[in-house]
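The report below describes the fold of one protein chain, going from overall figures to the sheets and then to individual helices and turns. It is meant to be read beside the sequence and the coordinates.

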Amino acid sequence: MNLNLIKLQIVELLYKHKKITTVASVLGLKQPTVTYHLKNLEQQLGEKLFEPRMDKMILTESGRAFLHYAVKINALAAEAERVVKEFSLAGRSSLSIGASYVPATYILPGILSRFGELHPETTVSLSVKPSPVIKEMLVNQELDLGILSTESFYLPSLHSQPLCEDELVLVFAPGHEFAGQPELTPTLISGAKFIQHNSQSSTGRITSKWFEDCGFEPRAHLLLDSLEAIKQSLISGRYVSFISRLAVADEVASGKLIMRPIPAYHCQRRIFYSYNRDRHLSPFIGLFIELMQALCL
């Protein structure tokens, strides 16, 4: 079977863009050429990978199964090209990092600055996404390294190690009625005006599970996906929320916010670093990990 890379790229891009004309433009090919490669691949496999619906091309079930491997092979090919090119760049290299919001905002800036001072020849790019998205990008070999705030997890293709604790706490303003309560119970918290995090985030999922475990219906008076927006809303005094201790350390120290332990909270959340076991680990990835471990002690 002639399973060349251009055919695999067409499958991945057509899934993403849904139009052959767009795929042709991205690849710098003519539309009939893209159509030829796709039909040739389907003939070789004996299965339809896409079917036209209205003006879009939609994956079939066979196509969805094939896409899983096409994405992996495309990522491996891109990684192989990148690694080989590093040898011809006179010692220069690149490092692609993905991080969830808490480590990206409150841990990585100082580490990235120090790493840049020590290794100015290395270009570092940072993608900030929710933890589940970072895991998926690592599995698909789109990143060299991921730094995630999440519960313990296991994926066969990923190597993961904890860096530090990332405890969730209940947070509110000094003027909130909770500030005068000697003891906060799940019942009290469930009746408060609550800010919920985006459901894609680790904090959002943990918060929803806490409500369910305590026997309450999770309900959000505000639904926000920005930590800074959540903190500013908390400072206004009307709301409470569960938020990372790391994220509110400065506001608590300055007296703008108060944090309390979450009652009946049993989840253990940490900051992890993770990488794909099959991805080439350049010396600079190892140096970045060593720096993170030293600065996170």
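## The three-stranded sheet

Leucine 168 stands opposite serine 244 in strand 10, a pairing that belongs to a predicted model. The two strands concerned, strand 7 (residues 168-172) and strand 10, run antiparallel and are joined by four bridges. They are part of an open sheet of three strands, whose order is 10-7-11 and whose pairing is antiparallel. Strand 10 (241-244) and strand 11 (258-260) are the edge strands, each pairing on one side only. With direction ignored, neighbouring strands of this sheet are turned by 45° against each other on average.

Helix 10 (residues 227-235) packs on this sheet, where it touches strand 7 and strand 10, and its direction makes about 130° with that of strand 10. The buried residues in helix 10 are Leu227, Ile230, Lys231, Ser233 and Leu234. Seen down the axis of helix 10, these residues fall within an arc of 160°, so they line one face of the helix. Their cover includes helix 5 (101-106), strand 7, strand 8 (195-197), strand 9 (222-224), strand 10 and helix 11 (245-253). After helix 10 comes glycine 237, whose phi is positive, near 100°.

## The chain as a whole

The protein contains 12 helices and 12 strands, and its C-alpha trace spans about 70 × 50 × 30 Å along the principal axes. Of its 297 residues, 43% count as buried, while the exposed area is about 15,300 Å², with carbon and sulfur atoms supplying 55% of it. Among contacts between residues at least 6 apart in sequence, 73% join residues at least 24 apart.

## The five-stranded sheet

A further open sheet is formed by five strands in the order 4-3-5-12-6, with mixed pairing. Strand 4 (122-128) and strand 6 (158-165) each have a single partner strand, so that one side of each is left without a neighbour in the sheet. The average turn between neighbouring strands of this sheet is 25°, direction ignored. Within the sheet, strand 3 (residues 93-99) pairs with strand 4 in the parallel sense over seven bridges, and serine 94 stands opposite threonine 123 in strand 4.

Helix 6 and helix 9 both pack on this sheet, and the table sets out the strands that they touch together with the angle that each makes with one of those strands.

| Helix | Strands touched | Angle between directions |
|---|---|---|
| Helix 6 (residues 108-118) | strand 3, strand 4, strand 5 (145-151) | about 165° with strand 4 |
| Helix 9 (residues 202-213) | strand 5, strand 12 (269-276) | about 15° with strand 5 |

## Helix 7 and the loop after it

Which residues of helix 7 are buried? They are Ser131, Ile134, Lys135, Met137 and Leu138. Around the axis they cover an arc of only 165°, which puts them on the same side of helix 7. The elements against which these buried residues pack are strand 3, strand 4, strand 5, strand 6, helix 9 and strand 12.

The loop between helix 7 (131-139) and strand 5 holds asparagine 140. Is asparagine 140 buried or exposed? With a relative accessible area of 14%, asparagine 140 is buried, since buried means under 20% relative accessible area. If residues up to four places away in sequence are not counted, asparagine 140 touches Val71 and Ala75. Glutamine 141, which also follows helix 7, has a positive phi, near 60°.

## A helix pair and a hairpin

Helix 2 (residues 20-27) and helix 3 (residues 31-45) have axes that come within 8 Å and cross at roughly 105°. The two helices are therefore roughly perpendicular to each other. On the side of helix 2 the contact is made by Ile20, Thr21, Val23 and Ala24, and on the side of helix 3 by Gln31, Val34 and Thr35.

Strand 1 (residues 50-53) and strand 2 (residues 56-59) pair in the antiparallel sense over four bridges. Arginine 53 has lysine 56, in strand 2, as its bridge partner. The two strands form a hairpin with two residues between them, and in the turn methionine 54 has a positive phi of about 55°.

Technical notes: Residues are numbered from 1 along each chain as its sequence is written. This is a predicted model: local features need pLDDT of at least 70, side-chain atom pairs count only at pLDDT 80 or more; totals for chains, interfaces and linings use all residues. Side-chain values use heavy atoms; hydrogens and water are left out. Two strands pair if DSSP finds at least two bridges between them. Axes are lines fitted to C-alpha atoms, for helices over the stretch in contact, and angles run from 0 to 180 degrees between N-to-C directions. Contact means heavy atoms within 4.5 Å. Buried means under 20% relative accessible area, exposed over 50%, partly exposed in between (1.4 Å probe, protein chains only). The arc is that of the directions from the helix axis to the C-beta atoms. Accessible areas come from the Shrake-Rupley method with a 1.4 Å probe; for residues, only the protein chains shown count as cover. Angles under 35 degrees count as roughly parallel, over 145 as roughly antiparallel, 65 to 115 as roughly perpendicular and the rest as oblique.
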